[in-house]
Amino acid sequence: MQKNTDKQPTHSPAQAGPGYERRDVNTRAILYFVAVLFVLLVVSLVSMRWLFGYFSTTQPLGPAASPFTNVRTLPAGPRLQVQPVADLDEVRAAQEETLHSYGWVDKANGKVRIPIERAMDLLVERPLPARQAPASQASAVGAGKEPR
């Protein structure tokens with residue numbers, strides 16, 4: 001006869017217990033959650049039913065619309081762009097003509113428009129005016145110090 005040297009406990013079916021670990025599942029918390037969820041669902045359904053009933057009495061929709069009448073009025077035609085490519089070409093040509101021609105922008109104030117190429121040439125000849133440095137920085141630069 002052999003002795004059991006593994007030291008493993010042998011359990012009989014009567015000592016096995018409930019068959020699951022009771023400490024892992026909190027049944028009371030799960031049932032409480034389900035009950036609260038059910039109550040919230042019922043409250044939501046009842047409140048939505050009341051709200052829809054309230055809106056139907058305070059804001060009636062009026063008579064049912066007939067499917068044979070067109071209640072929308074369409075704008076005066078034509079509603080489509082017949083030649084979109086030609087229209088885009090016209091817009092681009094007008095913009096190019098504005099960029100490359102002379103003209104008045106505001107005649108009352110004396111503002112004119114000049115071609116873009118001429119404006120770039122003038123800018124190279126006479127650069128834009130720059131701001132003058134304050135006197136304290138100008139003396140520091142003249143003494144060989146960098147401005148801060």
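This report walks through a predicted model of one protein chain, from its overall layout down to a few residues.

**The overall layout**

Let's begin with the chain as a whole. It contains four helices and two strands, and reading along the sequence gives the pattern α-α-β-β-α-α. Of the 148 residues in the protein chain, buried ones make up 1%. The accessible surface of the chain amounts to about 15000 Å², and carbon and sulfur atoms account for 61% of that area.

**The hairpin**

The two strands, β1 (103-106) and β2 (residues 111-113), are a good place to look next. They run antiparallel and are joined by three bridges. One pairing to find in the structure is that of Asp 106, whose bridge partner in β2 is Lys 111. Together β1 and β2 form a hairpin with four residues between them. Within the turn, Gly 110 has a positive phi of about 80°.

**The loop before β1**

Just ahead of the hairpin is the loop between α2 (84-99) and β1, where Ser 101 sits. His 100 belongs to the loop between α2 and β1 as well.

Is Ser 101 buried or exposed? Its relative accessibility is 12%, so Ser 101 counts as buried; the cut-off for buried is under 20%. His 100, with a relative accessibility of 39%, counts as partly exposed.

Leaving aside residues up to four places away in sequence, Ser 101 touches Arg 113, Ile 114 and Pro 115. With that same kind of neighbour left out, His 100 touches Pro 115, Ile 116 and Glu 117. His 100 and Ile 116 are 16 residues apart along the chain, yet 6.1 Å separates their C-alpha atoms.

Both loop residues also take part in polar contacts between side chains, listed here.

| Side chain | Partner side chain | Distance |
|---|---|---|
| Ser 101 | Arg 113 | 3.4 Å |
| His 100 | Glu 96 | 3.0 Å |
| His 100 | Glu 117 | 3.1 Å |

Ser 101 has a further polar neighbour in the backbone: a polar atom of its side chain lies 2.6 Å from the backbone oxygen of Glu 97.

**A nonpolar patch**

Finally, turn to the surface around helix α1 (residues 27-58), which includes Phe 33. Which residues form a nonpolar patch there with Phe 33? The patch consists of Val 25, Ile 30, Phe 33, Val 34 and Leu 37, and together these have about 490 Å² of accessible area. Phe 33 itself counts as exposed because its relative accessibility is 54%, and exposed means over 50%.

Conventions
Residues numbered from 1 in each chain as written. Predicted model: local features only at pLDDT ≥ 70, side-chain atom pairs only at ≥ 80, totals over all residues. Heavy atoms only, no water. Buried < 20%, exposed > 50% of the residue type's maximum accessible area, 1.4 Å probe, protein only. Polar contact = N/O pair within 3.5 Å; in protein donor to acceptor, adjacent residues only side chain to side chain. Contact = heavy atoms within 4.5 Å. Patch = residues over 30% accessible without salt bridge, like charges linked within 9 Å, V, L, I, M, F, W, Y side chains within 5 Å. Areas by Shrake-Rupley, 256 points an atom, 1.4 Å probe, with all protein chains shown as cover. Salt bridge = Lys/Arg side-chain N within 4 Å of Asp/Glu carboxyl O. Pairing = 2+ DSSP bridges.
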